[in-house]
Amino acid sequence: GDVVREQLQANPANAVLLPDALATLAALEKGDSVDVSKMHPALQQLFAPQVQGYWKVMLGYNPAKLIAAYKGPVLILQGATDLQVSIADADLLKKAKPDATLIKLDGVNHLFKAAPLDRAANMATYANPDLPLVPGVADAIAGFITAH
């Protein structure tokens, strides 16, 4: 829930949506269903009735607690220009699981594509399937798997 709030609040274009979005998240966290019929169309899609069950389950998870309880090896790959999950979030995961391997990738977004911090240019990479993974991502994953 905190990450979704951060994502919504990070985009200035969402200012008009925030009151409904934040109230909806709070209701879903409590296990309540929400009538989205009078909300902005973007929120109607995000919180559609058919996905509210998913939201209720997912909002109940705390990633730091989950990773701390996991007994196996963990690889945390974090792009420095990720607009969805921050370096601070990756650091929280590492703190919760000190033996995890944390790799921070400069100039890399949520899709592990090269992307600037500029929001519009970064988001444009999401719609371009021809952009490759940043060099080193596949090797980092393969190396981690091989080592464990």
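In this predicted model, M58 is partly exposed, with a relative accessible area of 37%, and this residue is found in helix α4. M58 belongs to a nonpolar patch on the surface, which it forms together with Y54, V57, Y61 and L66, and the accessible area of these residues together is about 510 Å². Helix α4, which spans residues 52-58, supplies the largest share of the patch, namely three residues. Beyond this helix, in the loop that runs between α4 and α5 (63-69), lies G60. G60 is exposed, since its relative accessible area is 61% and the term applies to values over 50%. Between the C-alpha atoms of G60 and V34 the distance in space is 17 Å, while the two residues are 26 residues apart in sequence.

The packing of helices can be considered next. Two packed helices are described by the angle between their axes and by the distance between those axes. For helix α1 (residues 2-10) and helix α2 (residues 18-29), the angle is about 175° and the axes are 11 Å apart. That makes α1 roughly antiparallel to α2, because an angle over 145 degrees is counted in this way. On the side of α1, the residues that take part in the contact are V4, R5, L8 and Q9, and in α2 they meet L18, A21, L22, L25, A26 and E29.

Helix α2 also contains T24, a residue that counts as buried at 2% relative accessibility, given that the limit for a buried residue is under 20%. When residues up to four places away in sequence are not counted, T24 touches V34, M39 and F47. V34, one of these partners, is also the residue whose C-alpha atom lies 17 Å from that of G60.

A search of the whole structure for salt bridges finds four of them. One of them is formed by D99 and K97, whose side chains meet with a distance of 3.7 Å from N to O. The two partners are unlike in their exposure, for D99 counts as exposed at 60% relative accessibility, whereas K97, at 6%, counts as buried. Elsewhere, salt bridges that share partners join D2, R5 and E29 into one network.

Within that network, R5 forms a salt bridge with D2, and the closest N and O atoms of this pair are 3.7 Å apart. Both residues lie in helix α1, where a separation of three residues corresponds to about one turn of the helix. D2 is exposed, with a relative accessible area of 58%, whereas R5 is buried, with a relative accessible area of 17%. R5 is also among the residues of α1 that meet α2, and E29 is among the residues on the α2 side of that contact.

A further salt bridge is formed between K104 and D91, with the closest N and O atoms 2.8 Å apart. This pair links distant parts of the chain, 13 residues apart, since K104 lies in strand β2 (residues 101-105) and D91 in helix α6 (residues 87-96). K104 counts as partly exposed at 43% relative accessibility, and D91 is likewise partly exposed, with a relative accessible area of 32%.

Key
Residues numbered from 1 in each chain as written. Predicted model: local features only at pLDDT ≥ 70, side-chain atom pairs only at ≥ 80, totals over all residues. Heavy atoms only, no water. Patch = residues over 30% accessible without salt bridge, like charges linked within 9 Å, V, L, I, M, F, W, Y side chains within 5 Å. Areas by Shrake-Rupley, 256 points an atom, 1.4 Å probe, with all protein chains shown as cover. Salt bridge = Lys/Arg side-chain N within 4 Å of Asp/Glu carboxyl O. Helix = DSSP H or I, 4+ residues; strand = E, 2+ residues; numbered from the N terminus. Buried < 20%, exposed > 50% of the residue type's maximum accessible area, 1.4 Å probe, protein only. Axes fitted to C-alpha atoms, helices over the stretch in contact; angles between N-to-C directions. Parallel < 35°, antiparallel > 145°, perpendicular 65-115°, else oblique. Contact = heavy atoms within 4.5 Å.
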